[in-house]
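The following exercises are to be worked through with the sequence and the coordinates at hand. Each task is followed by a solution in steps.

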Amino acid sequence: MRSPKAFLCILGILGVGALTQRIFSQTPAQPPAKGKRIVPAQKRIVIAASAVLDGKGRVLHNTRIVIEGSKIVALYTKDGPKVGPVDYDLRGLTVLPGWIDAHVHITWSFGKDGKNAGAGGTTQEAAYQAASNAWVTLMAGFTTVQDLGSPTTVPLRDAIAQGTLPGPRILTAIEPLAGRGDLTGTPDEIRAYVRKQKEAGADLIKIFAAGGMLQGRMTLSQEQLNAACDEAKKQGLRTLVHAYRDAVPAATLAGCTQVEHGLGATDDNLKLMAEKGTYFDPQGGLLIETYLLNKEGYLGTLFFPTTLEGFAPMEKILPMNHELLQRAVKIPGLKIVFGTDAVAGAHGRNAEEFIDRVRDGGVDPMAAMVSANSLGAEAMGMADEIGSITVGLEADIIALDGNPLKDITAVRRVVFVMKGGVVYKNAARGAIPVYAGVGPK
């Protein structure tokens with residue numbers, strides 16, 4: 001096993017090659033001081049777009065997007081003032097903000113033996129795979145992700161922020177709070193644990209408040225949940241809670257920020273979340289589909305069945321996820337964000353979750369886009385930085401070969417990716433048939 005410091009060194013070596021794949025639209029900035037983010041040079045960039053989904057539910061037509069450095073500085077219609085030559089002509093495509101995935105496990109990968117290595121690997125191979133996961137996720141149009149949690153994500157997060165590696169902006173929980181009943185600790189001990197995570201550099205707190213998908217028994221008491229979420233608020237951190245059945249209303253009443261999964265939630269539970277302003281991140285299908293597509297890779301690994309027959313119950317969970325989503329979209333005011341729970345085998349395929357939600361969960365295509373744009377940014381407390389094509393926000397911009405409002409499978413055809421004013425992908429139309437150029441792994 002290698003230390004996180006060694007892990008970062010490996011990522012740094014890998015970054016030399018990966019960075020050459022950028023398609024720079026400006027002169028690269030000088031290498032940053034330690035802990036500082038690379039800021040692109042202040043060259044003006046103009047994007048021409050015939051159709052823009054602004055991330056807030058509106059469609060803009062015949063628009064010029066003007067970018068300086070990492071920010072959007074102006075939006076003009078074709079009848080507006082002259083803004084200079086067009087650097088990227090994206091007319092005929094659908095332009096929208098870079099997507100936000102509220103729930104990933106970016107360091108999860110399959111090891112050399114083909115088996116799920118989980119999140120704990122710090123070998124050279126694990127480091128390379130984590131960097132690859134970040135790259136394919138960015139290429140799939142996801143410019144911000146939230147990792148729910150592993151200490152090995154920290155050096156990857158920091159390397160991307162410093163410009164050493166290309167990848168999506170990462171927020172991470174580091175070490176989750178695993179509910180184990182009384183063994184979890186007293187409320188005061190839980191508060192101390194939350195403070196420890198803040199000191200370690202956590203961007204958020206991940207809490208396991210329930211067991212498996214089908215049983216879903218609570219693993220924390222209401223008092224313990226109250227302590228965790230209250231202390232996180234005091235520390236300026238959000239709380240995302242793995243919850244099923246009774247844990248859903250418990251997390252909501254505790255004032256936690258967001259509920260993950262939510263199988264077994266009743267309509268009353270969903271209404272309570274809407275009333276309290278709790279964000280909800282159900283999964284429409286990608287996670288279970290990934291497990292079923294990669295049975296051999298997960299077989300016998302931690303938390304997974306030891307026989308192929310043991311995967312059969314997962315097939316029953318898919319329609320349960322769909323039914324939950326179908327009910328959730330009918331609850332007025334319920335804030336449904338986009339999260340995939342992407343694990344080994346799902347990285348770079350995150351957009352498949354859009355298709356599941358629209359096709360099987362009854363989610364409106366525009367609502368699906370907004371859930372991964374402005375609503376996702378709001379849930380992260382970053383609405384003034386990312387999530388919409390708005391003057392003053394980060395220039396996180398992608399383009400699809402197709403219109404997802406008419407054909408949701410267009411989300412597979414990401415042909416242009418800009419993050420923070422830097423272009424990482426600018427492919428020819430028709431060049432991306434599926435999975436944004438990334439096949440299933």
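Two strands count as paired if DSSP finds at least two bridges between them. Helices (H or I, at least four residues) and strands (E, at least two) are DSSP runs, numbered from the N terminus. The model is predicted, so local features need pLDDT of at least 70 and side-chain atom pairs count only at pLDDT 80 or more, while totals for chains, interfaces and linings use all residues. Residues are numbered from 1 along each chain as its sequence is written, and side-chain values use heavy atoms, with hydrogens and water left out.

**Exercise 1. The open sheet**

Determine the strand order of the open sheet of six strands, and explain why one side of β9 and of β14 is left without a neighbour in the sheet.

Step 1. The order is β9-β10-β11-β12-β13-β14, and the pairing is parallel.

Step 2. β9 and β14 (335–336) are at the edges with a single partner strand each, so each has one side without a neighbour in the sheet.

Step 3. At the β9 edge, two bridges link β9 to β10 in the parallel sense; Leu-177 has Ile-207 in β10 as its bridge partner.

Step 4. For context, the chain contains 13 helices and 17 strands.

**Exercise 2. The faces of helix α4**

Establish which residues of α4 are buried and which are exposed on the other side. Buried means under 20% relative accessible area, exposed over 50%, and partly exposed in between (1.4 Å probe, protein chains only).

Step 1. Helix α4 covers residues 187–199, 13 residues in number, and spans 19 Å from its first C-alpha to its last, close to the 18 Å expected at 1.5 Å a residue. That expected span is 1.5 Å times one less than the number of residues.

Step 2. Ile-190, Arg-191, Val-194 and Gln-197 are the buried residues. Viewed down the axis of α4, the buried residues fall within an arc of 115°, so they line one face of the helix; the arc is that of the directions from the helix axis to the C-beta atoms.

Step 3. The general rule behind this is that an α-helix has 3.6 residues a turn, so residues three or four places apart point the same way.

Step 4. Asp-188, Lys-196 and Glu-199 are exposed on the other side of α4. The cover over its buried residues includes β9 (177–178), β10 (204–208) and α5 (222–234), where contact means heavy atoms within 4.5 Å.

Step 5. After α4 comes Gly-201, with a positive phi near 100°.

**Exercise 3. The disulfide**

Locate the disulfide of the structure and state which parts of the chain the pair ties together. A disulfide is a pair of cysteine sulfur atoms within 2.5 Å.

Step 1. The structure holds one disulfide, formed by Cys-229 and Cys-256 with their sulfur atoms 2.0 Å apart.

Step 2. Cys-229 belongs to helix α5 and Cys-256 to the loop between α6 (247–253) and β12 (258–261), so the pair ties together parts 27 residues apart in sequence.

Step 3. The torsion about the S-S bond of Cys-229 and Cys-256 is about 90°, so the disulfide is right-handed. Both Cys-229 and Cys-256 are buried.

Step 4. Thr-252 lies in helix α6 and counts as buried at 2% relative accessibility. Leaving aside neighbours within four places in sequence, Thr-252 contacts Val-259, Leu-272, Met-273, Lys-276 and Thr-278.

**Exercise 4. Strand β16 and its partners**

Describe how β16 pairs with β15 and with β17.

Step 1. Strand β16 (residues 414–419) is mostly covered, with six of its six residues buried.

Step 2. β15 (residues 397–400) pairs with β16 in the antiparallel sense over four bridges; Met-418 in β16 is the bridge partner of Ile-397.

Step 3. β16 and β17 (residues 422–426) also run antiparallel, joined by four bridges, and Met-418 stands opposite Val-423 in β17.

Step 4. β16 and β17 form a hairpin with two residues between them, and Gly-420 in the turn has a positive phi of about 55°.

**Exercise 5. A link between distant positions**

Which residues does Gly-392 touch, not counting residues up to four places away in sequence?

Step 1. Gly-392 sits in the loop between α13 (374–379) and β15 and is partly exposed, with a relative accessible area of 37%.

Step 2. Gly-392 touches Lys-71 and Ile-72 under this restriction. Gly-392 and Lys-71 are 321 residues apart in sequence, yet 5.9 Å apart in space, C-alpha to C-alpha.
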